[in-house]
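Q: Please take a close look at one part of this model. I would like the strand pairing and the surface beside it, with cut-offs stated.

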Amino acid sequence: ASDAHVLHLLPHWNWDSHTTSRCVGSCGHFVDVWAYSNLEEVELIHPNGTSLGRRKATQCSHVEWPSVAYMPGELSARGYVGGKVVKTSVVRTTGSPVALRMGIIDGVGAEGIVANGQDVGLVFVEVVDDKGDVVPTASNLITVSTQSGAVVLGTANGDPSSLEPNDSPQRQAFGGRLMAVVRPLPGASHATVV
């Protein structure tokens, strides 16, 4: 077991009249907010700056704030141990998708991939706004391709309801993200993934 502090706030904070979990009359949009944590207490801070209260956390569970009034901005959680803040988690309202960001997942292929026909690299693709934040509601159709020296073995997005074939280089983003598995061709000296 790890002694690392854990605090994960969810869901995302991009809501409108078509995506809210609950809309109550003219009062606006309301969202149930959860935080997973191994800390003693968690406090939720609304985008308007007010505290929505501290909740005692229990191991292997979550704390929740039902029916939080949605307001664009930054929703944050503060995790406490011994009465002191030791961890913060933030979700914020993003802008519209404007670009894709790619990189290597968990270092798999970061130091280079052996061009032996067996080694692979795991490439992440994120749909981001003009500030570089991942747009969690983005579901853009993305095609991953290579210009030379490699092949795309497949893609995945974490959506259990996705019907796209796993060996397809094309897939919709889920939660603003997807992953591609890339294999270099034997003897290739470099490859470009686009």
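A: What follows covers strand β15, its partners and its surroundings, then some ring contacts elsewhere.

This is a predicted model, so local features need pLDDT of at least 70, side-chain atom pairs count only at pLDDT 80 or more, and totals for chains, interfaces and linings use all residues. Residues are numbered from 1 along each chain as its sequence is written, and side-chain values use heavy atoms, with hydrogens and water left out.

Start with β15, residues 177-184. Strands here are DSSP runs of E, at least two residues, numbered from the N terminus. Two strands pair if DSSP finds at least two bridges between them. Strand β10 (residues 121-128) runs antiparallel to β15, and six bridges join them. In this pairing, Leu 122 stands opposite Val 181. Strand β13 also runs antiparallel to β15, again with six bridges. Here Ala 150 stands opposite Pro 184.

Now the surface. Strand β13 spans residues 150-156 and holds Leu 153. Leu 153 is partly exposed because its relative accessibility is 35%. (Buried means under 20% relative accessible area, exposed over 50%, partly exposed in between, with a 1.4 Å probe and protein chains only.) Val 151, Leu 153 and Leu 185 make a nonpolar surface patch of about 200 Å². Patch residues have over 30% relative accessible area and no salt bridge; nonpolar side chains (Val, Leu, Ile, Met, Phe, Trp, Tyr) are joined within 5 Å, like charges within 9 Å. A salt bridge is a side-chain nitrogen of Lys or Arg within 4 Å of a carboxyl oxygen of Asp or Glu. Areas come from the Shrake-Rupley method with a 1.4 Å probe; for residues, only the protein chains shown count as cover.

Next, Pro 186. Its C-alpha is 4.8 Å from that of Asn 116, though the two are 70 residues apart in sequence. Asn 116 sits in the loop between β9 (99-104) and β10. Its relative accessible area is 43%, so Asn 116 is partly exposed.

Finally, the rings. The whole structure has two aromatic pairs. One of them is Trp 13 with Tyr 70: tilted, 5.1 Å centre to centre, 55° between the planes. (Rings of Phe, Tyr and Trp, the last by its six-membered ring, pair if their centres lie within 6.5 Å; planes under 30 degrees apart are stacked, over 60 edge-to-face, the rest tilted.) Trp 13 is buried at 0% relative accessibility. Tyr 70 is buried too, at 15%.

Methods
Helix = DSSP H or I, 4+ residues; strand = E, 2+ residues; numbered from the N terminus.
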